[in-house]
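Thanks for coming. I have one structure to go through today, and I will take the sheets, then the helices, then the empty spaces.

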Amino acid sequence: MKVYQNVLEMIGNTPMVKVSTIDTGPCELYLKMELMNPGGSIKDRIAVSMIEAAEREGKLKPGMTIIEATAGNTGLGLALVAASKGYPLKIVMPDKMSSEKVNNLRAMGAEVVQTRSDVQKGHPEYYQDMAARLAQEHGYFYVNQFANPANVAAHYNTTGPEIWEQMEGKLDAFVCGVGSGGTLSGIGRFLREKNSDVDLVLADPEGSILEPLVNRNETVDAGSWLVEGIGEDFIPDICEIDLASSAYAISDKEAFATARELLVKEGVMVGSSSGTLIAAALRYCREQTTPKRVVTLACDTGNRYLSKLYNDEWMNERGLLEK
């Protein structure tokens with residue numbers, strides 16, 4: 001087994017595990033275990049990619065402060081990179097995110113600015129607009145994962161090829177969500193280049209604008225949802241939404257129930273966005289009439305949701321526990 005020289009070398013090459021106990025219909029469902037990255041999520045990949053690209057391009061110089069707008073996991077990935085490379089880090093995140101993420105970021109040395117989650121793009125307190133404004137006012141380097149091509153490149157160059165190799169090229173469908181759009185665009189483009197018939201299935205929280213757009217070409221106003229990290233009220237610049245061949249709208253209740261079932265039946269503890277992805281993947285699998293090999297992502301560790309998703313009291317207060 002390899003000895004790593006630093007924690008950043010441990011990012012990527014995550015295992016793939018087959019869902020063996022939950023009913024997957026006629027299909028085989030596999031989880032790409034991104035929660036096993038050192039920062040606990042798939043976002044470690046893009047953090048390294050975006051920071052190293054900025055250094056190469058001269059946009060990020062020694063001593064500069066990095067700032068990013070994030071639901072938390074990109075921030076945690078950036079905290080790993082910033083600590084390793086000696087950059088100060090500021091994170092702007094909506095106030096609906098779990099206390100575990102906030103505390104984890106602060107423990108890693110990041111300054112956390114929490115802002116309103118009940119406003120949309122264009123409002124001065126919208127988390128992305130706030131991060132961009134602070135960067136401009138103070139000369140920080142704004143990572144901007146939502147428009148950063150190095151986000152897509154991370155998945156095109158690493159996650160996509162890993163999935164293809166682990167599945168030995170035998171893959172019928174890939175299920176993912178859209179937060180920044182990097183996984184759909186990067187993994188999706190890579191897989192379609194390998195096999196143009198691969199189904200790319202979008203898992204979207206109820207309330208997001210993306211499922212109606214993909215399935216019915218319908219433009220709707222964004223609602224609200226409790227799942228963290230995926231679903232959007234706009235289409236990010238780097239998101240190639242046309243790659244998605246179909247989409248499922250998944251309620252918070254179904255997403256959380258699926259995540260909790262996965263832990264009990266498969267021993268895998270995932271976060272709320274993974275619950276959405278796996279719920280959509282299970283729906284897709286059970287609808288098939290012929291056997292298919294399907295992959296989705298275990299995006300991040302469920303340890304970041306002990307106060308919410310895995311807290312019976314919190315779940316019960318919101319009517320999310322199964323009766």
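Let me start with a sheet of six strands, which is open and has the order 1-2-10-7-8-9, with mixed pairing. Please keep in mind that this is a predicted model. At the edges stand strand 1 (16-18) and strand 9 (246-250); each has a single partner strand, so one side of each is left without a neighbour in the sheet. On average, neighbouring strands here are turned by 25° against each other, with direction ignored.

Inside that sheet, look at strand 7, residues 173-176, and strand 8, residues 199-205. They run parallel and are joined by four bridges. If you want one pair to find on the screen, take phenylalanine 174, whose bridge partner in strand 8 is leucine 200.

Now the other sheet on my list. Here four strands make an open sheet in the order 5-4-3-6, and the pairing is parallel. Which strands are at its edges? They are strand 5 (111-115) and strand 6 (141-142), each of which pairs on one side only. Strand 4, residues 89-94, runs parallel to strand 5, and five bridges join the two. Within this pairing, isoleucine 91 stands opposite valine 112 of strand 5.

Helix 2 packs on this sheet and touches strand 3 (66-69) as well as strand 4. The direction of helix 2 makes about 175° with that of strand 4. Helix 3, residues 99-107, lies across strand 4 and strand 5, and runs at about 150° to strand 5.

Next, a pair of helices. Two packed helices are described by the angle between their axes and the distance between the axes. For helix 8, residues 252-266, and helix 9, the axes come within 7 Å and cross at roughly 90°. Angles of 65 to 115 degrees count as roughly perpendicular, and helix 8 and helix 9 are therefore roughly perpendicular to each other. What does each helix bring to the contact? Helix 8 gives Glu254, Ala255, Phe256, Thr258, Ala259 and Leu262. Helix 9 gives Ser272, Gly275, Thr276, Ile278, Ala279, Leu282 and Arg283. Sorted by class, the contact holds seven nonpolar, four polar and two charged residues.

That leaves the empty spaces. How many cavities of 30 Å³ or more does a search of the whole structure find? It finds one. The largest cavity has a volume of about 40 Å³. Its lining consists of Leu226, Glu228, Phe256, Ser272, Tyr305, Lys308, Leu309 and Trp314. Five of these lining residues are nonpolar, one is polar and two are charged. You have already heard two of the names: Phe256 and Ser272 line the cavity, and they also take part in the contact of helix 8 with helix 9.

Finally, the largest pocket, which holds about 800 Å³ of space. The pocket is lined by 48 residues, and those nearest its centre are Tyr127, Trp225, Gly229, Ile230 and Gly231. Helix 2 (73-85), helix 6 (182-194) and helix 9 (272-287) are the elements that give two or more residues to the lining. By class, the pocket lining has 18 nonpolar, 20 polar and 10 charged residues.

That is my last slide.

Terms used:
Residues numbered from 1 in each chain as written. Predicted model: local features only at pLDDT ≥ 70, side-chain atom pairs only at ≥ 80, totals over all residues. Heavy atoms only, no water. 1 Å grid on protein atoms, 1.4 Å probe; cavity = no way out; pocket = protein on both sides within 12 Å on 5 of 7 lines; lining within 4 Å. Points joined across faces, edges and corners; volume = space filled by probe spheres on them. Nonpolar A, V, L, I, M, F, W, Y, C, P; charged D, E, K, R; others polar. Pairing = 2+ DSSP bridges. Contact = heavy atoms within 4.5 Å. Axes fitted to C-alpha atoms, helices over the stretch in contact; angles between N-to-C directions. Parallel < 35°, antiparallel > 145°, perpendicular 65-115°, else oblique.
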